[in-house]
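Got the viewer open? Here is a short tour, one selection at a time, going from a whole chain to the contact between chains.

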Amino acid sequence: MNLQGIGIVFSGGRGLAALDRSLTGAWTPPVPLAIPERDSAVPAYAIPADALADKTALKAMRRADRFGKIATLAAWDAWHDAGLADLDETARARTGIVLGSALGPHVTTFRFLDDILAYGDTEVSPTAFSHSVHNAAVSYVATRLGIRGPALTVTDFHFSLPYALLQARIWLSNGRCDRVLVGTTDELGTVMGYIARHKMRIPTDGHIRPEAFSSQPAAVPGEAGVFFLVDHGTTPGTYGRIDKVAVPDAEPDTSPTDSLLYDANGLLSDETPYRALCAEARERSTDCVSHADRFGSVPSGLSLHLAAAALALKHTAPDSAAPLRRIACVKLNGRGQRATISANRQP
Amino acid sequence: MQDSTVYISGLGVVSALGTGVETTLCAFAEGAAQAGPVTLFETSLTQPVFAAPWPPSARPSRRTFDLCMVAAREALDQAGLPRERIGARTGVCLGTTVACQLNDLAFYTAYKDRAAEPAMDAVDRYLNGNLAEAVARTIGAAGPALTVVNACSSGADAIGTALNWIRQGLCDQVLAGGADELNRIPLCGFHSLGIMSDNVCRPFDRDRRGLNLGEGAGVLLLESARSIQARGASLPKLKAAGYGAAGDAHHLTAPRPDGAGLEEAIRIALRDADRAPEAMAFVNAHGTATPDNDRVEGGVLGRVFGDATPILSTKGYTGHTLGAAGGIEAVFTALALREGWIPASAGFENRDPDIPVAPVTQRTPIAGQTALSTSLAFGGNNAALVIAIDAP
């Protein structure tokens, strides 16, 4: 799959320049996420409000919830980054959308529950209900971009991106689609903030340490929307080519890989298995890095790592002393399974 | 290595019609609708629902999973798949709507009460309760496990996804379908949208007034020929022959008025199965009994199939089971092909002059080896499945 466009909205802002700044600049501490119902706060990597302000991309989405806006902005940017603004209607009918999410639009679900508690079963808001359905965000993406191909929303706590990419690859390889907008969205809210405070080991300095491979890892809740535009065309990918999507990945990856990005973000109860994974990679002279401390504990953080990989592949000069040719992004789940996505620079 | 033929080696179902395929067939033959008031939870809403004749789950918030396991175990038993063959090459792909949300009112009420500390057991159940993951853990499947959350087409899209997993060689077997429980949250939601009927639903009828909610699960064990032969079993007669999906890009909750997305999904499914419209022995329509759905869907079915192909909606027997509907109706479609008849479309009496097709009003013998099942969903999703059976 050629990687032709990327859109990203995260705690560092919106766009690849913001991602680049976040990856190369000094570490930025999380900000307090207020939990008004409990007169408290939790440190979080939250998307700044100004990153979600765009009257053009979000036109006619006045009633959309925040989850839908995050997804739509990321998808909009990936679409335009790939230069598809003028795509004709026939081509849009051969475009698919896949969205993965760990928890979906839970903020809207809780808003709907507020309605039930406040007004009873018969006087609740239809808008809140219709937006609480997981695939509402994809409906907005499809309507906003005029995409009439297949649309799928899937949920998995750790592997939402690999499963979404797997579906994209199927549609491209069986000829159903010529291109697919594929991405993930996970958002924060006050209730999840409260849950995070009870379920996560949040470090006092707000710094998570993926390289510690801890049996009791620290986590700081985070949120992000990331979309990729992938195709099977003859035009090389602007950001390279995804050559492997394996979920679960039971086979050892023997292809030469320059860098391994692992999303150890504190959401597993035990991160020690990453130690062996990295040790094995380093034996093969593969550099191992996690950027989770830059984004926080985003369940779909593998998307941010894939975006980072794509950016690195694009920006590393082929004639440099150590050119990056292939980067693997890996993540483990609670069952001890591994998912792998690899991207390489196209000749 | 790709297997082009995907077999249905097991079927499992639970709905308001009963538990298991044989009970379901008997209930269809008797033609009885089982709608009644909500008894599973407290609500001030009085619209009838179709509850599964199955005791309330002993484990709160696990009803969807428990319903799903009833259907999954039946499908596995029917297939005769030995436990030792379930493993890394076994996938699980299931659709749902309710099971993917933390819509636990007891937890949320406690959370809102500043003086209370809400118990976290509901949260734990939710965080560990991804439907496909939970089923995969339970049966020991270690291949891909994916929960599809495409609203009311989730079950059909899950089966279509599983079909492609086998075709592309990712799995040897996949448990695929959908499950959803009756739950207060969607009940309130559908009521707020004004699309629930005060009486038992009447799909495609001139006087239809909306849908009734239902619950249940429908699961198929899809399997490659290689897998079936490797375990020494005979190749089943039933096949998952085609899948198509297309979007409306129109509205969050209303179908596109011209039905173009649904028509595209149907035509893609037919092409995928390499069948012509006239080869369909019948169409198991989504047929929710809302004015919009049935008008749009009926128009599309008229355009694609004319009025010679029998159609039916089974929502008059089960209610709208949301994320389970595509799975349950795929099981019904397979059973009808196996048995050679379709039941009367419960609730239908008077033809709607705005709909070019009308469902069957009595038990109807069918001729042919292929049938289509459609699903429409919020978000503008449309899905169609083609199921086939070998000639006798």
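Start by selecting chain A on its own. Chain A has 347 residues, and a compact globule of that length would have a radius of gyration near 20 Å; the value for chain A is 20 Å, so the two agree. Keep in mind as you look around that this is a predicted model. Turn chain A along its principal axes and its C-alpha atoms fill a box of roughly 65 × 55 × 35 Å. Switch to cartoon and you have 11 helices and 13 strands to find your way through in chain A.

**A hairpin in chain A**

Next, pick residues 31–35 and 40–44 of chain A. These are strands S3 and S4, paired antiparallel over 5 bridges. Zoom in on the end where Ile35(A) has Ser40(A) as its bridge partner. There are 4 residues between the strands of this hairpin, and Asp39(A) takes a positive phi near 50 degrees.

**Bring in chain B**

Now show chain B and colour whatever touches across the contact. You should be lighting up 62 residues from chain A and 71 residues from chain B. About 5500 Å² is buried between the two chains, with carbon and sulfur atoms giving 58% of that area. On the chain A side, select Asp121(A), Arg148(A) and Arg335(A): these lose the most area to chain B, together 13% of what that side buries.

**Polar links across the interface**

How many salt bridges does the rule find across the interface of chain A and chain B? The count is 5. For one you can display as sticks, go to Arg38(A) and Glu117(B), whose side chains meet at 3.6 Å, N to O. Polar contacts are worth switching on too: 30 residue pairs across the interface are in polar contact, both at pLDDT 80 or more.

To see which elements of chain A face chain B, colour helices H4 (106–119), H5 (126–132), H6 (136–145), H7 (160–173) and H8 (190–199), plus strand S6 (151–155); each supplies at least two residues of the side that touches chain B. Recolour that side by class and you get 30 nonpolar, 21 polar and 11 charged residues.

**Last stop: strands across the chains**

Stay with S6(A) and add residues 145–148 of chain B. That stretch is strand S4 of chain B, joined to S6(A) by 2 bridges and running antiparallel to it. Which residue of S4(B) stands opposite Thr155(A)? Click across and you land on Thr147(B).

Notes:
Residues are numbered from 1 along each chain as its sequence is written. Chains are lettered from A and ligands numbered from 1 in the order in which they are written. This is a predicted model: local features need pLDDT of at least 70, side-chain atom pairs count only at pLDDT 80 or more; totals for chains, interfaces and linings use all residues. Side-chain values use heavy atoms; hydrogens and water are left out. Contact means heavy atoms within 4.5 Å. Buried area is the accessible area (1.4 Å probe) that two parts lose on being put together, summed over both. A salt bridge is a side-chain nitrogen of Lys or Arg within 4 Å of a carboxyl oxygen of Asp or Glu. A polar contact is a pair of N or O atoms within 3.5 Å; within protein, one must be able to donate a hydrogen and the other to accept it, and residues adjacent in sequence count only if both atoms are side-chain atoms. Ala, Val, Leu, Ile, Met, Phe, Trp, Tyr, Cys and Pro count as nonpolar, Asp, Glu, Lys and Arg as charged, and the others, Gly among them, as polar. Two strands pair if DSSP finds at least two bridges between them. The radius of gyration is taken over C-alpha atoms; the globule rule is 2.2 Å times the number of residues to the power 0.38.
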